[in-house]
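Me: I'd like a close look at one small part of this model, a spot where the chain turns back on itself. Please walk me through it slowly, then show me what surrounds it.

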Amino acid sequence: MAFLYTDSSSFLTFAAVRQTTRLFPKYKTYSYISSRRPYLVSISLSRKATRAPIQAMSMGKVKEVLPPVLDSNSEPPNLFDGTTRLYISYTCPYAQRVWIARNYKGLQDVIKLVPIDLQNRPAWYREKVYPANKVPSLEHNNEVKGESLELVKYIDSNFEGPSLLPDDTVKRVFAEEMLSYTDTLNTVMRNALSLEGDVTNEIVGPFDHLENVLSKFEDGPFFLGQFSLVDIAYAPFIERFYLLLLYVKNYDITIGRAKLKLWIQEMNKIDGYAQTRQDPQELIAGIKKRYMGK
């Protein structure tokens, strides 16, 4: 077996990388962020791995250096000093939604990231920032708001950048339907992944539903045709479910679902999303613990 070494402490088998990269036919490398350090890791099918600072990330655009994670030993930032801050965890799919929206709208210099260690949270976060003690939260105009989908909408409405919702009334109504369905998908997946053995019967319905709704609008490959907050809502979860089902349950959600496969391919071309992607091994480990208790 040939191995592709991504850094000094992790590796992926050639077969695993080949399976993942088949969804990225235009690229010779598969890139992601390692949460252990602020680096972009690129895995090449030529067996050679490269590592580059995140400023030189994919698609030839300059990217920010990710700030270090704050834990119980960390001092708080200068709270409520007029700086807009997005409190996240690099591993949380709900926080990733808002992170994607912030990046897509080009707000890296406007909204500062403050990553929190969810396993060792600083006391000041609950006491002085967000009593719910969850991520994501947004500090803006001397207030702190929470809940991922509400924050995506808030950022879209209150900051400059490309709109995340179309003007079309039909699409806006459908967007709300699809946002509600994210809870259904997550519930089904959480229940299915708690089971031993084959889970095809449990999960085929929700993914067939996604395949069908991706055919509703013909002006693009996304849920509303063009990229929108609906895609942002689903991307972090489908990213996790795809990997977990593939490598743990040996089930590929894209087989027989051409629209969903295309959606994944097109999502990975969105730079604002690509900036938030994680090391696949770390991601699988995290979602095993979250959804399977392992």
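Reply: Let's start with one pair: histidine 140 has glutamate 143 in β9 as its bridge partner. Before going on, this is a predicted model, with residues numbered from 1 along each chain as its sequence is written. Local features need pLDDT of at least 70 and side-chain atom pairs count only at pLDDT 80 or more, while totals for chains, interfaces and linings use all residues, and side-chain values use heavy atoms, with hydrogens and water left out.

Next to that pair, glutamate 139 stands opposite valine 144 in β9. Both pairs belong to a hairpin: strand β8 (residues 137-140) and strand β9 (residues 143-146) run antiparallel, joined by four bridges. A strand here is a DSSP run of E at least two residues long, a helix a run of H or I at least four long, both numbered from the N terminus. Two strands pair if DSSP finds at least two bridges between them. Two residues lie between the strands of this hairpin, and asparagine 141 takes a positive phi near 55 degrees.

Now zoom out a bit. The hairpin sits in an open sheet of four strands, ordered β7-β6-β8-β9, with mixed pairing. Its edge strands are β7 (111-115) and β9, each pairing on one side only. As a general point, strands of a sheet pair through backbone hydrogen bonds, either parallel or antiparallel.

Moving along the chain, we get to helix α4 (residues 148-158), which packs against helix α2 (residues 93-104) at about 10 degrees, with the axes 8 Å apart. Those axes are lines fitted to C-alpha atoms, for helices over the stretch in contact, with angles from 0 to 180 degrees between N-to-C directions. So α2 is roughly parallel to α4, because angles under 35 degrees count as roughly parallel, over 145 as roughly antiparallel, 65 to 115 as roughly perpendicular and the rest as oblique.

Who meets whom? On the α2 side are Tyr94, Arg97, Val98 and Ala101, and on the α4 side Ser148, Leu149, Leu151, Val152 and Ile155. Contact means heavy atoms within 4.5 Å. By class, seven of these residues are nonpolar, one is polar and one is charged. Here Ala, Val, Leu, Ile, Met, Phe, Trp, Tyr, Cys and Pro count as nonpolar, Asp, Glu, Lys and Arg as charged, and the others, Gly among them, as polar.
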